[in-house]
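Trainee: I should be grateful for a close look at a single part of this chain. Please take one region and explain how its pieces meet.

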Amino acid sequence: MKADIGLKGQCRPFRMAQWHHEYRTMKMTFRWYGESDPVKIEYIKQIPGMHSIVSAVYGVPAGEVWSEASILHIKNRAGKAGLNFEVVESVPVHEDIKLGKPSRDLYIANYIENIKRLSKYGVRCVCYNFMPVFDWTRTQLDKMNADGSTSLVYYAEQLKGKNPLSGDMSLPGWDSSYRKEDLKILFDDYGKLTKEDLWSNLEYFLKAIIPVAERYGIKMAIHPDDPPWDIFGLPRLITDEKNIDRFLKLYDSKYSGLTFCTGSLGCAKSNDVVQMIDKYSKAERIHFMHIRNVRLLDGESFEESAHYSPCGSLDVVEICKVLHKNGFDGYIRPDHGRMIWDEIGKPGYGLYDRALGAMYITGIFETLNKTKGAQ
Ligand SMILES: [Mn+2]
């Protein structure tokens with residue numbers, strides 16, 4: 001396709017714009033951790049079909065307002081590299097909001113201010129989660145595969161008998177900045193909270209946030225809990241279809257939607273990921289897709305794998321097909337990748353394997369777009 005290639009061998013921007021217009025198709029994105037990220041933003045642009053970076057203002061404690069200068073800086077860096085900055089992952093939700101403490105109103109006011117500022121600089125989608133204390137949990141970040149690549153894994157037996165309050169346990173993915181004493185207080189607070197309390201605190205948050213998101217054109221997209229079950233007695237909400245249905249009813253607006261993470265929800269064998277994506281994308285409640293593959297093992301164990309369907313337990317072609325069928329035109333990013341080709345970097349967030357994943361998914365969508373009507 002000679003006509004698609006510019007003089008410098010790059011995809012011509014107008015062709016990209018035309019492509020999105022013509023097909024109203026998904027927008028491919030890539031997470032970038034800012035200047036300290038070993039993956040340069042210019043490298044991200046070199047992945048064909050890349051639309052936007054996914055980033056955040058780092059180094060600001062949860063609950064505080066982001067300076068306009070720091071948001072503008074990301075926008076300008078993206079623009080200079082020829083990319084958009086339309087997705088934020090994440091604006092963290094302060095623990096006091098999840099716990100329903102009196103101070104939550106202050107943190108919610110700050111959250112609202114962040115939504116307004118992000119909208120001003122062109123952000124269209126904000127990813128967040130409502131997981132108590134910890135984000136994603138894995139038991140090892142560099143499990144060697146047979147081919148010499150390494151993966152993030154979760155082996156249930158490695159978690160047995162571990163106590164996060166012992167002070168001598170650190171698990172990958174956990175915020176190591178928590179001091180032992182702070183962690184103890186947080187666990188005590190959550191110990192007094194029922195799952196229903198957590199639901200009602202989530203509802204309180206949505207009722208304050210979503211009307212603002214609607215006004216400022218920001219699609220809020222909650223990330224499911226990872227893994228999708230309770231750990232260490234901490235409650236988890238966004239774990240399966242029944243709970244996602246309940247979540248979406250808490251505030252019935254297109255602006256209160258999902259970051260559908262195939263690797264998180266797909267870790268529970270009972271979740272039919274393809275059917276769920278079909279249902280929620282049809283309802284226009286998926287704004288952001290995290291596409292990742294996982295190999296499910298016995299019990300509650302899994303290993304993250306390459307995106308290519310035969311490498312894991314999820315069928316990425318089927319996932320893309322239902323999105324395409326339902327006219328999904330939101331954002332997609334390749335989620336965690338393996339470490340390959342001796343790359344050194346942030347586990348799960350190397351350039352090479354995520355670039356392979358992005359191209360694989362873009363290729364599937366190109367095929368689907370060009371064979372429209374022939375399915
Ligand atoms: Mn994810």
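Mentor: What follows is a close look at helix α12 and its surroundings, with a short view of the whole chain beforehand.

The model is predicted. The chain holds 13 helices and twelve strands. Of its 375 residues, 41% count as buried. When contacts between residues at least 6 apart in sequence are considered, 71% of them join residues at least 24 apart.

Helix α12 covers residues 316–325, and helix α13 covers residues 352–370. The axes of these two helices come within 10 Å and cross at roughly 50°. That angle makes α12 oblique to α13, because an angle that is neither under 35 degrees, nor over 145, nor from 65 to 115 counts as oblique. The crossing of the pair is right-handed. On the α12 side, the residues that meet α13 are Val316, Val317, Cys320, Lys321 and His324. Their partners in α13 are Ile361, Ile364, Phe365 and Leu368.

Helix α12 also packs with helix α11, which covers residues 273–282. Here the angle is about 15° and the axes are 9 Å apart. Such an angle makes α11 roughly parallel to α12, because angles under 35 degrees are counted in that way. This crossing, too, is right-handed. From α11, the residues Val273, Val274, Ile277, Asp278 and Ser281 take part, and they meet Glu318, Ile319, Val322 and Leu323 of α12.

One residue of α11 deserves separate attention. Leaving aside neighbours within four places in sequence, Ile277 is in contact with Phe260, Ile286, Ile319, Val322 and Leu323. Ile277 also belongs to the largest nonpolar core, which has 84 residues. Within that core, Ile53, Val126, Ile277 and Ile319 touch the most other members. Helix α8 (residues 195–216) gives the core its largest share, seven residues. In soluble globular proteins, nonpolar side chains tend to be buried together.

The strand β9, at residues 286–291, holds Ile291. This residue is buried, because 24 other C-beta atoms lie within 10 Å and 20 or more are required. Not counting residues up to four places away in sequence, Ile291 touches Val316 and Ile319, and Ile361 is also among its contacts. Val316 is one of the α12 residues that meet α13, while Ile319 is one of those that α11 meets. Ile361 is an α13 residue that takes part in the meeting with α12. Pro334 is another contact of Ile291. The C-alpha atoms of Ile291 and Pro334 are separated by 5.1 Å, although the two residues are 43 residues apart along the chain.

Finally, consider the loop between β12 (331–334) and α13, in which Trp341 lies. Trp341 is exposed, since 10 other C-beta atoms are found within 10 Å and the limit for that class is 12 or fewer. Its phi is positive, about 55°, although Trp341 is not a glycine. Most residues other than glycine have a negative phi.

In short, α12 meets α13 obliquely and runs roughly parallel to α11, and Ile291 of β9 touches residues including Val316, Ile319 and Ile361.

Note on methods:
Residues are numbered from 1 along each chain as its sequence is written. This is a predicted model: local features need pLDDT of at least 70, side-chain atom pairs count only at pLDDT 80 or more; totals for chains, interfaces and linings use all residues. A nonpolar core is a set of buried Ala, Val, Leu, Ile, Met, Phe, Trp, Tyr and Cys residues joined through C-beta atoms within 7 Å. Helices (H or I, at least four residues) and strands (E, at least two) are DSSP runs, numbered from the N terminus. Two residues are in contact if their C-beta atoms, placed from the backbone, lie within 7 Å. Axes are lines fitted to C-alpha atoms, for helices over the stretch in contact, and angles run from 0 to 180 degrees between N-to-C directions. A crossing is left-handed if the near helix is turned anticlockwise from the far one by less than a right angle, and right-handed if clockwise.
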